[in-house]
Amino acid sequence: MKILSVNAGSSSLKFQMYEMPEEKVLISGVFERIGIDNSLYTIKINGQKIEKQVDLPDHEVAVNYLAQELIENHVVEKLSEIKGIGHRLVHGGDKYSKSVVLTDQVMEVVESLTPLAPLHNPANLIGVKAFKNIIPNAVAVAVFDTAFHQTMATDTYLYPIPYEWYTDYGVRKYGFHGTSHKYLTDRLTDILGKKDAKIITCHLGNGGSISAIKNGACIDTSMGFTPNAGLVMGSRSGDIDATIIPYIMEQTGKSITEVVDDLNKRSGYLGISGVSSDSRDVEAGIDEGNPRCILAQKMYISAVVGYIAKYYVFLGGVDAICFAGGVGENSKTTRKEILESLAVLGIKIDYKANEVRGKEALITAPDSSIPVYVIPTDEEVMIARDTYSFCN
């Protein structure tokens with residue numbers, strides 16, 4: 001059965017098609033700069049990468065090009081062979097704790113949640129509508145970034161704020177990267193061979209989040225009401241004192257929108273290092289002795305270690321920890337510094353095993369108190385799995 005995983009942004013459209021249940025990738029690609037000059041798309045098929053410069057005024061045109069490529073490359077003979085299309089949707093609020101079929105009612109609910117994700121939900125829905133117009137017979141499924149975290153207890157997801165802010169305006173911790181954390185949970189549970197495992201999953205990329213998992217369910221996560229909470233990230237500040245915002249507004253004359261923009265786009269690695277939001281550039285700066293890059297890395301490591309230590313106590317001990325995401329999967333330096341800082345827990349790194357990049361591996365020594373793994377995450381296959389479950 002052919003299943004398509006889709007991630008639509010405001011000016012982009014990523015896709016990956018699978019033959020299910022084998023989970024064989026048939027074709028993948030991304031459409032970029034939709035609605036912007038110099039638009040293009042790239043596809044990967046049979047080990048080849050093909051890039052084409054085309055005019056992409058909107059998402060529906062992009063989907064039409066995708067449909068054309070599927071047929072011309074003999075992935076399908078006709079579009080009706082595609083039985084399901086899974087859409088990554090950023091925000092399901094507290095309405096959805098699992099993936100659901102995208103009915104008109106669900107789409108209305110997602111649209112009503114736009115104030116919680118003003119940049120993402122509308123863009124996600126544009127992608128949904130474009131595919132419904134062109135491949136109407138496929139089952140459309142919503143896979144929410146927030147769904148996996150809806151198992152958090154009330155005393156964990158509520159903030160100590162006026163209670164009416166929660167009841168009237170929905171202010172609470174939602175958590176994000178849920179599809180990735182769910183994939184990591186499933187994979188680590190298989191590796192450990194126990195469903196009641198207590199684990200900590202670390203999705204560390206340009207955006208980063210850490211989750212505490214017990215019995216396969218999330219009991220806490222570092223991101224909050226928005227993805228800006230929690231860890232120091234590429235360009236996001238992570239946790240700060242909220243009163244910094246009005247103070248900076250008063251001192252600079254900036255608007256609330258401008259200050260929040262600074263906290264999302266000019267903070268984190270970028271704000272401290274002054275060099276880049278990319279950890280690779282920061283590590284290069286460290287090698288050159290750049291003191292601000294060194295400082296940015298120390299702050300990043302401290303934030304990650306702090307959350308792991310907190311969740312270790314919260315869980316009452318841990319059966320395993322895993323690293324994923326662009327940084328978690330590829331930066332041996334960052335993993336080494338994190339694990340060395342956690343030596344007090346009895347964690348012992350295997351330095352040779354830690355040389356791995358982008359591959360699944362155990363990176364701790366046999367006598368380490370907690371096994372630590374690198375597990376490349378796969379959100380697309382999680383979307384395909386959930387979608388396939390609705391097509392049987």
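**Figure 1. The hairpin of β10 and β11 in a predicted model.** Let's start at a turn: Lys214 has Ala217 as its bridge partner in β11. Everything in these views comes from a predicted model. The hairpin of β10 and β11 has two residues between the strands, and Asn215 takes a positive phi there, near 55 degrees. Follow the strands away from the turn and you will find Ser211 opposite Thr221 in β11. β10 and β11 run antiparallel and are joined by four bridges. Strands of a sheet pair through backbone hydrogen bonds, and the pairing may be parallel or antiparallel.

**Figure 2. Asp220, a residue of strand β11.** Stay on β11, because this strand also holds Asp220, which counts as buried at 4% relative accessibility. Which side chain makes a polar contact of 2.9 Å with that of Asp220? The partner is Lys173. Several other residues touch Asp220, including Met152, Thr156, Ile210, Ser211, Tyr311 and Phe314.

**Figure 3. The six-stranded sheet that includes β10 and β11.** Now step back to see the whole sheet: the order is β11-β10-β9-β12-β14-β13, the pairing is mixed, and the sheet is open. Which strands stand at its edges? They are β11 (217–221) and β13 (361–362); each has a single partner strand, so one side of each is left without a neighbour in the sheet. Two helices to look for here are α6 and α13. Helix α6 (residues 178–192) lies across β9, β10, β12 and β14, and runs at about 135 degrees to β9. Helix α13 lies across β9, β12 and β14, with an angle of about 155 degrees to β12.

**Figure 4. The largest nonpolar core.** This core has 42 residues, and those touching the most other members are Ile200, Leu204, Ile210, Ile308, Ile321 and Ile338. At least two core residues come from each of β9 (198–204), β10 (208–214), α11 (291–315), β12 (320–324), α13 (332–341) and β14 (372–374). Which of these elements gives the most? It is α11, with eleven residues. Take Ile200 as a place to look around: among the residues it touches are Ile210, Ile308, Tyr312, Leu315, Val318 and Ile321. Another core lies apart from this one; it has 29 residues, among them Ala67, Phe131, Ile135 and Ala138.

**Figure 5. A second open sheet, with eight strands.** Reading across this sheet, you meet the strands in the order β5-β4-β3-β2-β1-β6-β8-β7, with mixed pairing. The edge strands are β5 (48–53) and β7, and each pairs on one side only. Look next at β1 (residues 2–8) and β6: are they parallel or antiparallel? They pair in the parallel sense, over five bridges. To find the pairing by eye, start from Ile3, whose bridge partner in β6 is Gly84.

**Figure 6. Helix α2 and its two sides.** Helix α2 covers residues 104–112, and its residues Val106, Met107 and Val110 are buried. Looking down the axis of α2, you would see the buried residues fall within an arc of 100 degrees, so they line one face of the helix. What is found on the other side of α2? There, Asp104, Gln105 and Glu108 are exposed. The cover over the buried residues of α2 includes β6 (82–89), β7 (100–101), α3 (121–134) and β8 (139–144).

**Figure 7. Unusual backbone angles in the loops.** A reminder helps here: most residues other than glycine have a negative phi, and most peptide bonds are trans. The peptide bond from Met20 to Pro21, however, is cis, with omega near 10 degrees. Pro21 lies in the loop between β2 (13–19) and β3 (24–32). Further along is the loop between β3 and β4 (40–45), where you can find Arg33. Arg33 is not a glycine, yet its phi is positive, at about 60 degrees. With a relative accessible area of 36%, Arg33 is partly exposed. Asn38 is found in the loop between β3 and β4, and it too is a residue other than glycine with a positive phi, near 60 degrees. Is Asn38 buried or exposed? Asn38 is exposed, with a relative accessible area of 60%.

Definitions and conventions:
Residues numbered from 1 in each chain as written. Predicted model: local features only at pLDDT ≥ 70, side-chain atom pairs only at ≥ 80, totals over all residues. Heavy atoms only, no water. Core = buried A, V, L, I, M, F, W, Y, C linked by side-chain atoms within 4.5 Å. Buried < 20%, exposed > 50% of the residue type's maximum accessible area, 1.4 Å probe, protein only. Contact = heavy atoms within 4.5 Å. Pairing = 2+ DSSP bridges. Axes fitted to C-alpha atoms, helices over the stretch in contact; angles between N-to-C directions. Arc of directions from axis to C-beta. Polar contact = N/O pair within 3.5 Å; in protein donor to acceptor, adjacent residues only side chain to side chain. Lists of a residue's contacts leave out its neighbours within four places in sequence.
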